Amino acid sequence: NVFLGIGLPWFMASVYWTTFGASGQWRDAYPDVVKLYPDGVFVVRGGDLGFGVVVFTVTALVTFALLCMRRFVAGGELGGPWRIKVLS
């Protein structure tokens, strides 16, 4: 779920920063951000999404292949013979 996977951590971080503000450790870690936000903010450095996209794509393809296999071998995606349910 997108709301729990992304929204909940961001909400928790915003509550944390509103409650506690910037610490000395945060100020040392992000000196360039301190100039813009002296009271502190939740910092997320942009990064490479390539690895996450590859993992998602491979997992989606494996899942799709498993569903196709179950359709042709077991006659459907859900249920079926006990052995096939357990193995897949």
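# Briefing: aromatic residues, a nonpolar core and a loop

Leaving aside neighbours within four places in sequence, V34 is in contact with W26 and R27. Both V34 and W26 belong to the largest nonpolar core, so they make a good starting point for a look around. Please keep in mind that this is a predicted model. The points below go from the core to the aromatic pairs, then to a surface patch and a loop.

**The nonpolar core**

- The largest nonpolar core has six residues: W17, A22, W26, V33, V34 and V43.
- Two tryptophans of this core, W17 and W26, are also members of the aromatic cluster described below.
- W26 is buried, because its relative accessible area of 6% is under the 20% limit.

**Aromatic pairs and the cluster**

- Counting rings whose centres lie within 6.5 Å, the model has four aromatic pairs.
- One of these is Y16 with W17, where the ring centres are 5.6 Å apart and the planes stand at 90°, so the pair is edge-to-face.
- How buried or exposed are the two partners? Y16 is partly exposed, since its relative accessible area of 44% lies between 20% and 50%.
- W17 counts as buried, because its relative accessibility of 16% is under 20%.
- W26 and Y30 form an aromatic pair too, with 5.9 Å from centre to centre and 45° between the planes, which makes the pair tilted.
- In that pair, W26 is buried at 6% relative accessible area, whereas Y30 is partly exposed at 22%.
- Which residues make up the aromatic cluster? Y16, W17, F20, W26 and Y30 form one cluster together.

**A nonpolar patch on the surface**

- I6, W10, F42 and V44 form a nonpolar patch on the surface, and together they have about 410 Å² of accessible area.
- W10 sits in helix α1, which covers residues 2-20.
- Is W10 buried, partly exposed or exposed? With a relative accessible area of 45%, W10 is partly exposed, because the value falls between 20% and 50%.
- This value is also over the 30% that a residue needs to count towards a patch, so W10 meets that condition.
- W10 and F42 are 32 residues apart in sequence, yet their C-alpha atoms are 8.6 Å apart in space.
- Leaving aside neighbours within four places in sequence, W10 is in contact with F42 and V44, and both of these are patch members.

**The loop between α4 and α5**

- The loop between α4 (50-74) and α5 (82-87) holds G79, and E77 is found in this loop as well.
- G79 is partly exposed, with a relative accessible area of 31%, and E77 is also partly exposed, at 29%.
- Which residues does G79 touch? Not counting residues up to four places away in sequence, G79 touches R70 and K85.
- R70 lies within α4 and K85 within α5, going by the helix ranges 50-74 and 82-87.
- With neighbours within four places left aside, E77 is in contact with L67, R70 and R71.
- R70 is therefore a contact of both G79 and E77, with contact taken as heavy atoms within 4.5 Å.
- How far apart are the C-alpha atoms of E77 and L67? They are separated by 5.7 Å, while the residues are 10 apart along the chain.

Conventions: Residues numbered from 1 in each chain as written. Predicted model: local features only at pLDDT ≥ 70, side-chain atom pairs only at ≥ 80, totals over all residues. Heavy atoms only, no water. Patch = residues over 30% accessible without salt bridge, like charges linked within 9 Å, V, L, I, M, F, W, Y side chains within 5 Å. Areas by Shrake-Rupley, 256 points an atom, 1.4 Å probe, with all protein chains shown as cover. Salt bridge = Lys/Arg side-chain N within 4 Å of Asp/Glu carboxyl O. Helix = DSSP H or I, 4+ residues; strand = E, 2+ residues; numbered from the N terminus. Buried < 20%, exposed > 50% of the residue type's maximum accessible area, 1.4 Å probe, protein only. Phe/Tyr/Trp six-rings, centres within 6.5 Å; stacked < 30°, edge-to-face > 60°. Core = buried A, V, L, I, M, F, W, Y, C linked by side-chain atoms within 4.5 Å.
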